[in-house]
Amino acid sequence: MAITAKDVQALREKTGVGMMDCKKALTEAEGNIDKAVEILREKGLASAAKKASRAAAEGTVAAYSTADASALVEINCETDFVGKNPEFVALANQIAKTAATVKPADLDALNAATIADGSMSVADSVQELFLKIRENMKLRRFALVEGKAISYIHAGGSVGVLVEFDTDDATAAKDEFVAMGKNIAMQVAAMSPEYLSKDDITAEELEKMKSITIDSSLNKPDTLPKPILTQIINKACAEKLWSDADIAAYEEQKNNKFLFNFLSKEAVATLAELAVAGKDEFVQNKIFAGAVDGRIKKQIKEICLLEQAFVRTDLFDGNVAGYVADVAKKLGADIKVKSITRFAKGEGLEKKVDDFAAEIASLTK
């Protein structure tokens with residue numbers, strides 16, 4: 001049968017696929033629009049399979065909350081342009097709503113669920129958009145909190161945060177609580193803590209942190225406690241492990257706090273070697289041990305949310321735990337932060353690097 005422009009337009013409006021692809025599908029389906037839709041989907045699956053190996057490290061993060069659950073999702077694509085596409089962003093928001101509503105057990109269950117405000121599965125909805133955009137895209141991960149949570153999306157979906165709280169319903173409904181939750185979520189987005197509190201760091205992780213701190217301290221002699229630094233410098237000078245120029249520079253500048261600016265790279269490297277060689281002795285030194293403990297405490301304040309300095313000093317001057325306690329006291333309520341989830345789009349994924357010079361050169365061959 002003859003395929004009219006009206007038929008092609010109708011299929012295009014239904015699928016969003018290009019005119020030529022719609023015409024080919026209608027011709028193959030002998031004018032049957034429903035069959036043409038299936039053909040387009042099948043061809044899209046084949047095309048998607050070919051493109052699946054292409055890096056998809058852009059995309060967006062979306063969040064959605066219902067009365068009893070909140071969800072955070074990340075969906076990836078190949079380019080930042082598509083990541084900002086209104087249809088792509090709308091799909092991410094639909095999937096987040098689906099996750100919060102359906103409460104799937106895992107990613108497979110979410111992909112199989114019927115998408116919110118739609119009739120097809122999440123996986124098919126992603127596939128449907130692929131048919132329009134023709135760019136590799138994938139639902140990468142999601143987080144679900146069943147209970148009280150506050151979400152925050154930063155910079156149009158570049159970072160998403162979900163903070164879970166333990167408090168009563170009356171407190172959770174108050175504007176002051178919601179504002180506090182947003183402030184903490186923004187802190188998580190900005191400061192990227194690795195743990196909720198120091199209690200979440202295992203003994204094994206703490207020991208590894210200590211080991212790394214010891215090694216890094218020994219390898220940076222300018223940060224060593226003065227008694228230990230003096231000890232290894234005296235050894236370097238006495239055993240002529242330094243050049244005459246470095247020994248002379250030390251004798252002239254040894255009381256200068258910028259001493260290391262006057263030493264050669266070789267001299268500094270020698271000090272590091274001596275410090276590492278004396279590791280067994282130095283770790284027993286109370287001054288060195290105290291310096292290491294101080295550095296570990298500083299790291300904990302940087303990587304643990306509740307120990308971090310609260311960035312909104314205009315609201316509270318202290319750490320995040322103190323800020324939560326202050327708000328709880330003002331509201332006359334018990335408030336605890338139970339968990340945090342932070343998604344940064346594309347983190348840990350290999351990003352495509354375009355070599356335009358090579359591409360142009362290949363076109364001229």
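Contact here means heavy atoms within 4.5 Å of each other, and that is the sense of the word throughout this tour of a predicted model.

**The whole chain**

Begin with the whole chain in view, coloured by confidence if the viewer allows: the mean pLDDT is 90, and 91% of the residues reach 70 or more. Then select residues 45-52, where the pLDDT is below 50 and where the stretch nevertheless has nine contacts in the model beyond near neighbours in sequence. Switching to a cartoon, you should find 17 helices and six strands. Along the principal axes, the C-alpha atoms fill a box of roughly 100 × 70 × 35 Å, and the radius of gyration is 30 Å, where a compact globule of 365 residues would have one near 21 Å. Of the 365 residues, 41% count as buried, and among contacts between residues at least 6 apart in sequence, 63% join residues at least 24 apart.

**Threonine 171 and its contacts**

Select threonine 171 next, which lies in helix α8, residues 169-172. Its relative accessible area is 3%, so this residue counts as buried. With neighbours within four places in sequence left aside, threonine 171 is in contact with Phe177, Leu331, Ala333 and Ile335.

**Helix α16**

One of those contacts, Leu331, is also among the buried residues of α16, so extend the selection to residues 320-331. The 12 residues of this helix should span 16 Å at 1.5 Å a residue, and the end C-alpha atoms are 17 Å apart, which agrees. Show the side chains of Val320, Tyr323, Val324, Val327, Ala328 and Leu331, the buried residues of α16; these cover an arc of only 135° around the axis, which puts them on the same side of the helix. Among the elements that cover the buried residues are α8, α9 (175-191) and β6 (336-344), whereas the face turned away from the buried side carries the exposed residues Lys329 and Lys330. Just after the helix, select glycine 332, whose phi is positive, near 65°.

**Isoleucine 233 in helix α11**

Move now to isoleucine 233, in helix α11, which is buried with a relative accessible area of 2%. Not counting residues up to four places away in sequence, isoleucine 233 touches Trp242, Tyr250, Leu259 and Leu271. A distance drawn from the C-alpha of isoleucine 233 to that of alanine 275 should read 9.9 Å, although the two are 42 residues apart in sequence.

**Helix α15**

Helix α11 (226-238) also leads to the last stop, since α11 is included, with α10 (203-218) and α14 (279-282), in what covers the buried residues of α15. Select residues 286-303, the 18 residues of α15, which should span 26 Å at 1.5 Å a residue and whose end C-alpha atoms are 26 Å apart, in agreement. The buried residues here are Phe288, Val292, Ile296, Ile300 and Ile303. Looking down the axis of α15, you will see that these buried residues fall within an arc of 120°, so they line one face of the helix. Turn the view to the face away from the buried side, and the exposed residues Lys286, Lys297, Lys298 and Lys301 are there. Finally, at the start of α15, show asparagine 285, which has a side-chain oxygen that reaches to within 2.8 Å of the backbone nitrogen of isoleucine 287.

How values were computed:
Residues numbered from 1 in each chain as written. Predicted model: local features only at pLDDT ≥ 70, side-chain atom pairs only at ≥ 80, totals over all residues. Heavy atoms only, no water. Helix = DSSP H or I, 4+ residues; strand = E, 2+ residues; numbered from the N terminus. Expected span 1.5 Å × (residues − 1). Buried < 20%, exposed > 50% of the residue type's maximum accessible area, 1.4 Å probe, protein only. Arc of directions from axis to C-beta. Polar contact = N/O pair within 3.5 Å; in protein donor to acceptor, adjacent residues only side chain to side chain. pLDDT = per-residue confidence, 0-100. Rg over C-alpha atoms; globule rule 2.2 N^0.38 Å.
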